[in-house]
Amino acid sequence: MTYQTYLFIFLSVHLSCLGCLESTIIPFQVQSDIDKLKIDFNSSNSDVADGGPIFTEKLKSWTEVNERRILFSHIISLYLKMFESIDTSKAHIRNVHEYLLAKKSNLANDYKKINDIMELAKLPTSDLKIQRKAINELSPLLQKLDSPTGRSERRRRQNPRGCKC
Ligand SMILES: *[C@@H]1O[C@H](CO)[C@@H](O)[C@H](O)[C@H]1NC(C)=O
């Protein structure tokens, strides 16, 4: 598959769902710009469905609003990365790009959490110094695991303010 094919799969399947994030509707202008982008990328062609969607399946296991914000912050950063290699001289493409940039900045704190995970993924676990630190932190970590932010989690569940996700 070409890069363009990947890109229009991304766009067609998921861009229309970014508005779900805060239970808002995508602004009309942005929706119409996305529709133009879909035409640019032939994303109504049937082959777009081949192999299934990229993100939707994953979203299913991210049910809490705050969880979803973390995943969305990563997904949006992927879109922005794709836009780096798209010609943004056309107004509708530039508008969608700007909309995504705004979403990304709304999710800045969530994106920091993604960075935490990425940094941890790079941790040299065979390094003895790291191993000593890790063993030292093991007990407090396990204690936090069993009663982390339990109270605020419960409060949020009882009072899911305005979430229609
Ligand atoms: C979309 O389809 C047109 C006509 O078949 C083709 O010329 C163009 O390269 C296609 N664009 C993409 C991004 O696949």
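This report describes the fold, core, charged pairs and surface of a predicted model.

## Overall fold

The protein is built from 8 helices and 0 strands. Read from the start of the sequence to its end, the order is α-α-α-α-α-α-α-α.

Of its 165 residues, 28% count as buried. The exposed surface of the protein amounts to about 11,400 Å², and carbon and sulfur atoms supply 55% of that area. Among contacts with a separation of 6 or more, 76% are between residues 24 or more positions apart.

## The nonpolar core

In soluble globular proteins, nonpolar side chains tend to be buried together. In this model the largest nonpolar core has 21 residues. Within that core, the residues with the most contacts are Leu37, Tyr79, Phe83, Val96 and Leu100. Three helices, α2 (28–40), α4 (65–83) and α5 (91–106), are the elements that give two or more residues to this core. Helix α4 supplies the largest share, with 8 residues.

## The aromatic pair

The structure contains 1 aromatic pair. Its members are Phe55 and Tyr79, with ring centres 6.2 Å apart and 55° between the planes, an arrangement classed as tilted. Phe55 sits in the loop between α2 and α3 (56–59), while Tyr79 belongs to helix α4. The two residues are 24 positions apart, and the pair links distant parts of the chain.

Phe55 and Tyr79 are both buried. Tyr79 is also listed among the residues with the most contacts inside the largest nonpolar core.

## Salt bridges

There are 3 salt bridges in the whole structure. One of them joins Asp110 to Arg69, with the closest N and O atoms 3.1 Å apart. Asp110 lies in helix α6 and Arg69 in helix α4, so this salt bridge ties together parts of the chain that are 41 residues apart in sequence. Asp110 and Arg69 are both buried. For Asp110 the relative accessibility is 6%, which is why this residue counts as buried. Helix α6, where Asp110 is placed, covers residues 108–121. Apart from neighbours within four places in sequence, Asp110 is in contact with Asn66, Arg69, Ile70 and Ser73.

Another salt bridge is formed by Lys36 and Asp33, whose closest N and O atoms are 3.9 Å apart. Lys36 and Asp33 are separated by about one helical turn because they are 3 residues apart in helix α2. Asp33 is buried at 2% relative accessibility, whereas Lys36, at 40%, is partly exposed. Lys60 and Glu57 also form a salt bridge, with 3.0 Å between the closest N and O atoms. Lys60 is exposed, with a relative accessible area of 55%, and Glu57 is partly exposed, with 47%.

## A nonpolar surface patch

Some nonpolar residues lie on the surface. Ile135, Leu138, Leu142 and Leu145 form a nonpolar patch there, and together they have about 410 Å² of accessible area. One of these residues, Ile135, is found in helix α7, which covers residues 128–146.

Is Ile135 buried or exposed? Its relative accessible area is 60%, so Ile135 counts as exposed, the cut-off for that class being over 50%.

Definitions and conventions. Residues numbered from 1 in each chain as written. Predicted model: local features only at pLDDT ≥ 70, side-chain atom pairs only at ≥ 80, totals over all residues. Heavy atoms only, no water. Patch = residues over 30% accessible without salt bridge, like charges linked within 9 Å, V, L, I, M, F, W, Y side chains within 5 Å. Areas by Shrake-Rupley, 256 points an atom, 1.4 Å probe, with all protein chains shown as cover. Salt bridge = Lys/Arg side-chain N within 4 Å of Asp/Glu carboxyl O. Helix = DSSP H or I, 4+ residues; strand = E, 2+ residues; numbered from the N terminus. Buried < 20%, exposed > 50% of the residue type's maximum accessible area, 1.4 Å probe, protein only. Contact = heavy atoms within 4.5 Å. Core = buried A, V, L, I, M, F, W, Y, C linked by side-chain atoms within 4.5 Å. Phe/Tyr/Trp six-rings, centres within 6.5 Å; stacked < 30°, edge-to-face > 60°.
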